Amino acid sequence: QTGSIELTVHYPMPAFFKDVMETIAAEFTAANPGIRIRYPAPSPNYEEAVQAVLRQGAAGGLPDVSFQGLNRLRVLTERRLPVDLTPFLAREGSAEARGWSQPILNLSRFGGIQSGMAFATSNPIVYYNLNLVRRAGGDPEKLPTTWDELLALSGRIAALGDGISGMHFRWAGDDWMFSALLYGHGGRMLTEDEKDVAFNGPEGHAAVALIDRMVKEGRMQPLTVDAALQAFYAGKLGIFSGTTAYIGSMLRSIGPSVELRTTKMPVIDPVRGRLPTGGNAAVMLTRDPSRQDAAWRFIAFATGPRGQEIMTRGTGYVPNNTIAPRDERYLGAFYRENPLFRPAMEQVPIAQPWYAFPGSNGVRVTETIVDNLARIVEQRAAPEGALADMAREVKRLLPR
Amino acid sequence: MAGILLEDIRKSFGATQVLKGVTVVMQPGEFLSLVGPSGCGKTTLLRIIAGLESADAGRVLVGGREVTGLRAADRDIAMVFQNYALYPHLTVAENLAMPLIMRRLTAPQRLPLLGRLMPGTRARRAEVAARVAEAAEALRIGHLLDRRPAQLSGGQRQRVALGRALVRQPRAFLMDEPLSNLDAELRASTRREIVELHRQAGVTTVYVTHDQVEAMTMSDRVAVMMGGKLLQLGTPREVYEHPCDLRVAAFLGSPRINTLPVLAGEGQVHLGPLALPVAAKAPPGARLTLGLRPEALCLGGPRGLPARVDHLEFLGAELLLHARLEAGQVSIIARLPVAEAAGLGIGASVTLAADWTAALLFDAEGRRIGAAAQHETLAHA
Amino acid sequence: MAGILLEDIRKSFGATQVLKGVTVVMQPGEFLSLVGPSGCGKTTLLRIIAGLESADAGRVLVGGREVTGLRAADRDIAMVFQNYALYPHLTVAENLAMPLIMRRLTAPQRLPLLGRLMPGTRARRAEVAARVAEAAEALRIGHLLDRRPAQLSGGQRQRVALGRALVRQPRAFLMDEPLSNLDAELRASTRREIVELHRQAGVTTVYVTHDQVEAMTMSDRVAVMMGGKLLQLGTPREVYEHPCDLRVAAFLGSPRINTLPVLAGEGQVHLGPLALPVAAKAPPGARLTLGLRPEALCLGGPRGLPARVDHLEFLGAELLLHARLEAGQVSIIARLPVAEAAGLGIGASVTLAADWTAALLFDAEGRRIGAAAQHETLAHA
Amino acid sequence: MPDALPGGFAAPLLRQPAQAGLGEAAAGWLLAAPAALALFALLLGPSLMLLALSFTDWELGADGLRWIGLGNYAELLEDDSFLAALRNTLLYVAVVMPASIGLGLGVALLVEGGTRLRAAFRAIYFLPVVSLLVAMATAWQFLLHPTIGPVNRLLGLFGITPVNWLGSSDWVLPSLCAIGVWENLGYVVVLFMAGLIAIPAELYAAAEVDGARSGWARFRLVTWPLLGPTTLFVVTITAIRCLRVFDTVAALTKGGPNKASEVLLHVMYKEGFTYFRIGYSAAITAVFLAVVLALMLLQTRILDRRVHYA
Amino acid sequence: MRPGPERSLLADLPRLLLLGFGALLVLAPYLWMLSASLKPGGEIFRDSLSLWPERFHALENYGKALREVPLLRFLLNGAVVCLAILALQLLFAVPCAYALAKLRWCGREAMFALVLAGLLIPAHVPALPLYAGFAAAGLLDSYAALVAPFAISVFGIFMFRQAFRSLPDELIQAARMDGMGELGIVWRVVLPNAWPTATAFATFSIVAHWNDLFWPLVVVQSPAMATPALGVLFFRAEEAGNDVGALMAASVIVTAPMVAFFLLAQRRFIQGVATAGLKG
Ligand SMILES: Nc1ncnc2c1ncn2[C@@H]1O[C@H](COP(=O)(O)OP(=O)(O)OP(=O)(O)O)[C@@H](O)[C@H]1O
Ligand SMILES: Nc1ncnc2c1ncn2[C@@H]1O[C@H](COP(=O)(O)OP(=O)(O)OP(=O)(O)O)[C@@H](O)[C@H]1O
Ligand SMILES: [Mg+2]
Ligand SMILES: [Mg+2]
């Protein structure tokens, strides 16, 4: 009875996803005649994307499906916009068999509902410029696996002079990379009941201490992210630590003096250590049952093995389907041939959702954390002091 | 053809009282010249008639209808501005056409492109263009039609300003020194043009000028204003020959009227030791002023007033002889044919004969009082 | 006191050739009037002398020194602008003081507040203020010193513009129709003021005017320009009585000179059937123009030219009689004393006697040719 | 387009014989009415609605809202972001406004002061006005880059140690100010050029004849006073543009590091559109508007008196 | 300043040098933008100051900019939207500015205060209620939604008011004598004599809306309605790094029409000296 339906699907960041989305739509329509996909104007970034949906939620005109940043899902869920996908998953039989493992599903579970289906995800990795590593006496084949090694290497690279910096850890912008350190130590942001901060425990102290050491031992400068990336492209930065999603633009933008290599984030706590996941998920917004069915089919296709293959090949994000990377029909060969993409893939098992703070002050909490990290990076405050301030201020922002 | 009635018009700018109650009745078709010293309120009065300035008190009637509260655009009066006020962004032709376009074309017809398609527009526009060409020819600015005001000389601008008023047939013309920047020849011809136009169309006209000749030759009546008041209103001849006030007498006539301080006597007046044959209607001994126009003097025989020549001014057609009367050491000017003064030099002694019938007497306040020459003329009549 | 030499000055605006080679030699201290029809390039010439406009070709010398490339500020010449060019944001007093402040105070002394503290500023400023008050008094604008130009009447603005030039003692004065907006009385007194000033200070002056009387009475010499060329340069009397060109003769004199088309004969010229007693230095039968000024005509006896009165214009002191000669149906104007014309009406038949010694003859190109009256005058000499 | 409404359009209403003063008043009202209506419908009305929200705790997408009186305003007083933004904004205005007006006037005078290359310079100095934010942000990031940026390298030639222009909390505000001057310069130059051209050339002639020999003297005597209306306008506009600084902050620094470059509108934007706390954001707007409106009225009152209109 | 003979090159040199130096500073970001649009990604961020690409990559960059998004369509949208906005703004602002500048009416002061208040309100403030209004009217994603909110320009009213105040009263009075109604005076006399201001305003208005991102982001839903600036934004991705070469190429394409427009408009600046028809 899907006579002829036109689904409206909204997505962000067209620079990356336009081709992908169009290929997916073409293949999907070929497989499901009668369902056509219409893409309204894409939002340039996640922020605009969630604003658009919230506005449309208030004023009308919501799309049927929207791809939303993982850290925005909670806000949407609290506004009760996403349709719970649990019943649709149940219809598919075993989710595991379709490649949607529980950790993957968990990335987009909020408030007890399946708010969306993770589509393109990323996790933090480390990028090296092997030329600088070599000049600083490092061994490209034995890149650091611990922060101690990494900081020492960074310090040596920075000592090369000539405007060369050692490392950049993408601490600014949001709390994602901070949470990488926190999770890496096995910590968590808030207590279980979300009533109090939990990042000021020993794990948190270790995390901020590490950042402090990056500055002191790794001689990290307080650069903006763009500045750090530009320096890396120019061959003036030895180590850059940030999301795997940069791979595409790295490959495009690095000059001949950069020999790129990626590694996993150094393991901190081998047992409890986790990493945060960035990226986006497909969210169903339509309340119309007949359209919901078609919408689910589209989401299932996009997050299924073929959809994920298209996505990964087109962007460099990590697939969110366990079948795709393993199966030779999909991405098996891709990962063999593209080692740069591998570290992110290998980290998927320890990836967990990027924590979204409850209540209306969520983004402000993030900002508070970044501001206090800035104090550490600029060496205007001792890590312990900054962490204490951070905890106090964040606590005030939590819903009471 | 509409008469204009001004009733007790008053106007102040801040603390300066510019018009202190001016009342004028103009007949339909009349040509009235408004003269007066600079700053006496002429322009202000015109602007009030035009509706550009609102009077503080008083009424303005045009053609019997009260227009005091009416907007300028609705009074259907044309005005030539003293400072031209041309549209800087329009060519001369467009400047001239504007008043016609605004009045002869309907609003839709005036639309830039669409208007051309409206029925009748073409004919009307042609009419306007013809009228403009005609006016431009008459004012000799036909060759300037495509220029903009910034590219014109002062006199050329003034003619455009004049043309803008003349192209149409309003209920009244107001002209504020429309010829002041023209050379003598052009001025004479333009004067004729205006007079001719007035004769044909008979439009009531108020004409501000400081040119004596214009006021005298063009107007049916002359109004003399001073210090915000109307001093005299009459035919050119009346105001020139029978001024009611010393100020009027002094203002009209160039060179200025000679004034002699005299004392009233019995059937004559006394200028120092001299007795002059003019009877004053005033108690003997009263201090009076005797006015005598320069053209009423000529070089005379033994019975003239003895004087010494100060200097001579050549005017082309005639001479001005500046002299100092021996009686009372008063300066006096005589206007003489050039030939008559041949051989006179500075410092020469002459006698000046006067036409005492033309003498005017004024009292201490400057008011005119009766005078009758005793027909005992000293020289030629 | 510096002579001015203009050498073959040429200037075009786009395609319009405005000055076509003007050469003038002025003596130090001379007062030169520049007259000519509107748009003939008078203002442009002044601006070139002042250094406000650069000539396309030619040289300007002031006081023997070449100033062609010099900036206006360095030429030390004062100018009265035809359109006033007052500083709209300054009061009358400040407008008047500006040229003095610019020249007498040093740059630091001119500073708004600090300047007051500089040594000598106070004295200099007092000097300036005194000079301004003096000039304002002479021009009768003393009571307007605190107003701004926008609050002045046309004539008042013109006097301020004049005052701005007169306050200082430059090497030369350039005045562009400085009295055109003044009434007769004020004009006469200002004229006297300027002449007096010139006599005392003897500053070389170029004076543009279209007022015949001004040109005649004030100037040492008169320059007549037409169509971008200098037609004649001479004393007032020379250019009036001995014009070298018909256009000069026609331009000077108001009313305009009468022109009669005549044919050269033997010792006389022929106007239609009439033989006039003027000998022309021209081959018999040549077509000539005879010019006769209106004042050279009077009502005459039986040997006068028979004519019919068209109309009469009253000028106050005299009358203009417009008539049509029976010979050749030519219009002619005579200037008569008012009394002489008493009793004449429109359409009346008169005879006009002429002073043939004053007659001027021009060839077909308008050039003056010799004439000698046969002393067989028809009426009074 | 302008001619689409010819003079006769409102004639039936305007032509009515009325008291002269009243006629002018009616015309004034009629001419201003469409603009006034549009102003209310499109700007003031919606803004007032939003301001009304400043007394609520409304969040975008939330189901309901609560009236909380002055709660939001009370919160402002202890909000570090807001206070830092207020301070930074005022600093920014105090630096950028005079600098861009002074420089802009200088540039306009120089450009109009001669004919050589005038058209080229007009175009060049106008360019910042057409700057596309995204592109310029990237360009500035690079130009001001602490290690590979041309600015630091040029300074390095003079032995100046590299400065972390956008990354250090000491330098970020000065850097933004410099970019602000760059942005506003084009506006100021274009406005002053339009003003300069409207000054009658005759007045310069008169000044020249009066002996204003130096360019400075002519500037003091003619240019500056006659530029009065333009200057008043430029001051007002530039002040407002500076007060409303937002784009560069959002694109380059996001207010960081540690609020060192936080400005009012950025806080307002973040609160409203990133945090969706519309009520709180509206309160910031209200304070912003109140302060600035008072300031502006004061300024125009004072300056308007001094300025001479022809 | 202006009168007098043209200066010699030598006398003009200080002026040219000063302006040239300033021009370099002003141009720097543009030079970089232009240069980046010609370079392959690997050359853009380099440790060298060379502006000229070693490998010429313009075709790829510009090709990508034109291929990835329908940039030409966006340019057309931009033109339509900007011109419509300008026309409406003039229609509303010019008569109002005239009334504020030259007519005496009670309420004038109040109106002016409102205008000043309007000047201070950033576009973000009324955006939400307006959005709700357009959504309710079903007008989202249309030219109307892109244009209507900017129909009134307080900036324009303010700017024109200042300009009109400097026009001589006589000019307006002459027009009244010629029989013009007040609206006629506005369009036929006052506006043409404020040409420099009008061009300046047109320039600002067009440039501002050409480059505006905020409102199009809010109301545009289908790519067919996107404006040029929005198109450029599609090449920027904060999360994943930018394709700088293509981004700059798109920026150049979008900026170029504005520069061309200004070059045309600036000739207007030179015309129209308001007082040329008057004396005194
Ligand atoms: N800027 C200009 N562009 C083009 N033509 C001009 C310009 N200025 C003056 N002209 C023309 O040059 C001629 C001479 O002008 P000028 O102002 O010198 O005349 P003038 O003798 O002073 O006339 P008037 O007695 O009317 O003031 C006129 O025909 C005028 O139209
Ligand atoms: N806007 C104004 N504010 C103050 N005073 C003014 C204003 N306009 C005119 N005046 C004064 O009013 C008086 C009359 O001015 P008006 O222009 O009517 O004189 P006028 O008779 O036309 O003189 P002129 O022959 O010199 O043109 C003058 O003294 C003038 O200074
Ligand atoms: Mg007047
Ligand atoms: Mg002239």
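1. In this predicted model, the magnesium ion (ligand 4) has two protein donors, OG1 of T43(C) and OE1 of Q82(C), which lie 1.9 to 2.1 Å from the ion. T43(C) belongs to helix α1 (residues 42–50) of chain C, while Q82(C) sits in the loop between β6 and α3 (92–104) of chain C, so the pair ties together parts that are 39 residues apart in sequence. The two donors can also be described by their exposure: T43(C) is partly exposed, with a relative accessible area of 26%, whereas Q82(C) counts as buried at 13% relative accessibility.

2. Ligand 2 lies between chains B and C, and a reader new to the site may begin with its surroundings, where 18 residues form the shell and the closest are S38(B), T43(B), T44(B), R147(C) and S153(C). By type, the residues of this shell divide into eleven polar, four nonpolar and three charged. Helix α1 (42–50) of chain B and helix α7 (154–166) of chain C each supply at least two residues of the shell.

3. Several polar approaches to oxygen atoms of ligand 2 can be located on chain B. A polar side-chain atom of T43(B) lies 2.4 Å from an oxygen atom of the ligand, a backbone N or O atom of G39(B) lies 2.8 Å from an oxygen atom of ligand 2, and a polar backbone atom of G41(B) is 2.9 Å from an oxygen atom of ligand 2. On its own, ligand 2 has 640 Å² of accessible area, and the protein covers 87% of that area.

4. Two backbone positions deserve a look when the loops are checked. Most residues other than glycine have a negative phi. D76(C), which is not a glycine, nevertheless has a positive phi of about 55 degrees; this residue is placed in the loop between α2 (72–75) and β6 (77–80) of chain C, and with 23% relative accessibility it counts as partly exposed. N258(D), likewise a residue other than glycine, has a positive phi near 45 degrees; N258(D) lies in the loop between α12 (247–253) and α13 (264–274) of chain D and is partly exposed, at 28% relative accessibility.

5. As for chain D as a whole, its secondary structure consists of 14 helices and zero strands. Of its 310 residues, 65% count as buried, and among the contacts in chain D between residues at least 6 apart in sequence, 65% join residues at least 24 apart. Chain D exposes about 11,200 Å², of which carbon and sulfur atoms supply 70%.

Technical notes:
Residues are numbered from 1 along each chain as its sequence is written. Chains are lettered from A and ligands numbered from 1 in the order in which they are written. This is a predicted model: local features need pLDDT of at least 70, side-chain atom pairs count only at pLDDT 80 or more; totals for chains, interfaces and linings use all residues. Side-chain values use heavy atoms; hydrogens and water are left out. Helices (H or I, at least four residues) and strands (E, at least two) are DSSP runs, numbered from the N terminus. Buried means under 20% relative accessible area, exposed over 50%, partly exposed in between (1.4 Å probe, protein chains only). Contact means heavy atoms within 4.5 Å. Accessible areas come from the Shrake-Rupley method with a 1.4 Å probe; for residues, only the protein chains shown count as cover. Donors are N, O and S atoms within 2.8 Å of the metal (3.2 Å for Na, K and Ca); water is not among the atoms, so sites may look incomplete. A residue is near a molecule or strand if one of its heavy atoms lies within 4 Å of it. A polar contact is a pair of N or O atoms within 3.5 Å; within protein, one must be able to donate a hydrogen and the other to accept it, and residues adjacent in sequence count only if both atoms are side-chain atoms. Ala, Val, Leu, Ile, Met, Phe, Trp, Tyr, Cys and Pro count as nonpolar, Asp, Glu, Lys and Arg as charged, and the others, Gly among them, as polar.
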